Amino acid sequence: GADVNFEYILNTQPDSLWSCLIGLYHVSQEYKTSTNIFDKRLLSSHKGADWTDLYIGIKNQYALSETLVWENSFRIGAGGSDGYSAFNSSLVKTWSPAWETSLVLNVASFDYQNGEPIEQNFYLYNATETTFNVGITYLF
């Protein structure tokens, strides 16, 4: 997916920052399957969908120390899908003005349906995805 957002700072305190988010989240999925026996294709299928949701959210950044920040955000949205929500929690360590590392937990829930089950173009994606990422960032 692709995510573009704008952040507006609501409140700053010595070790905490609150902001609101508004953005677009785009999802593109494509699945291809085929069944072959002795190099002869018997069955093949192609399904996929694209959608873009408008979302709003809230974000908090809390400084645990001068070089360690705990960031949490929650977003909800809809538009191309019937519903989208996401929670993100990350721990960011700044090593120098140019280098950061991060540990990120992201939980996103999608509810998308195109068509009805009896139609040939029917596509249903109703899932919760949980990911854990490790990041290295160079700022220039």
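Which residue in strand 6 does Phe87 stand opposite? In this predicted model, the residue of strand 6 that faces Phe87 is Val107, and the sections below set that pair within the strands around it.

## Overall architecture

The protein contains seven strands and zero helices, so that, read from the N terminus, its elements follow the order β-β-β-β-β-β-β.

Taken along the principal axes, the C-alpha atoms occupy a box of roughly 65 × 35 × 25 Å. The radius of gyration of the protein is 20 Å, whereas a compact globule of 140 residues would have a value near 14 Å. When contacts between residues at least 6 apart in sequence are considered, 44% of them join residues at least 24 apart.

## Surface and charge

Of the 140 residues in the protein, 27% are buried. The accessible surface amounts to about 9,700 Å², and carbon and sulfur atoms account for 58% of that area.

The side chains include 7 that are positive and 15 that are negative, and a distance of 11 Å separates the centres of these two sets.

## Pairing from strand 4 to strand 7

Strand 4, which covers residues 68–79, is joined to strand 5 by ten bridges, with the two strands running antiparallel. A hairpin of three residues makes the connection between strand 4 and strand 5, and within this pairing Gly77 is found opposite Tyr84 of strand 5.

Strand 5 (residues 83–94) pairs in turn with strand 6 (residues 99–114), again in the antiparallel sense, and twelve bridges are found between them. Here the hairpin runs through four residues. Besides Phe87, which stands opposite Val107, Gly83 has a bridge partner in strand 6, namely Asp111.

Strand 6 also pairs with strand 7 (residues 123–138), through 16 bridges and with the strands antiparallel. One position in this pairing is Phe110, which stands opposite Ala127 in strand 7. Strand 6 is thus bridged both to strand 5 and to strand 7.

## A buried position in strand 4

Asn72 lies in strand 4, and its relative accessible area is 16%; because this is under the 20% limit, Asn72 counts as buried. Once neighbours within four places in sequence are set aside, the residues in contact with Asn72 are Ile58, Lys59, Asn60, Phe87, Asn88 and Ser89. Phe87, one of these contacts, is the residue that stands opposite Val107 in strand 6.

Asn72 can also be placed relative to Glu129: the two residues are 57 apart in sequence, and their C-alpha atoms are 17 Å apart in space.

## An exposed position in strand 1

Val4 belongs to strand 1, which spans residues 2–13. Its relative accessibility is 53%, and because this is over the 50% limit, Val4 counts as exposed. With neighbours within four places in sequence left aside, Val4 is in contact with Ile22, Gly23, Leu24 and Tyr55.

Val4 and Tyr138 are separated by 134 residues in sequence, while the distance between them in space is 20 Å from C-alpha to C-alpha.

Key: Residues numbered from 1 in each chain as written. Predicted model: local features only at pLDDT ≥ 70, side-chain atom pairs only at ≥ 80, totals over all residues. Heavy atoms only, no water. Rg over C-alpha atoms; globule rule 2.2 N^0.38 Å. Buried < 20%, exposed > 50% of the residue type's maximum accessible area, 1.4 Å probe, protein only. Contact = heavy atoms within 4.5 Å. Areas by Shrake-Rupley, 256 points an atom, 1.4 Å probe, with all protein chains shown as cover. Lys, Arg positive; Asp, Glu negative; His and termini not counted. Charge placed at Lys NZ, Arg CZ, Asp CG, Glu CD. Pairing = 2+ DSSP bridges.
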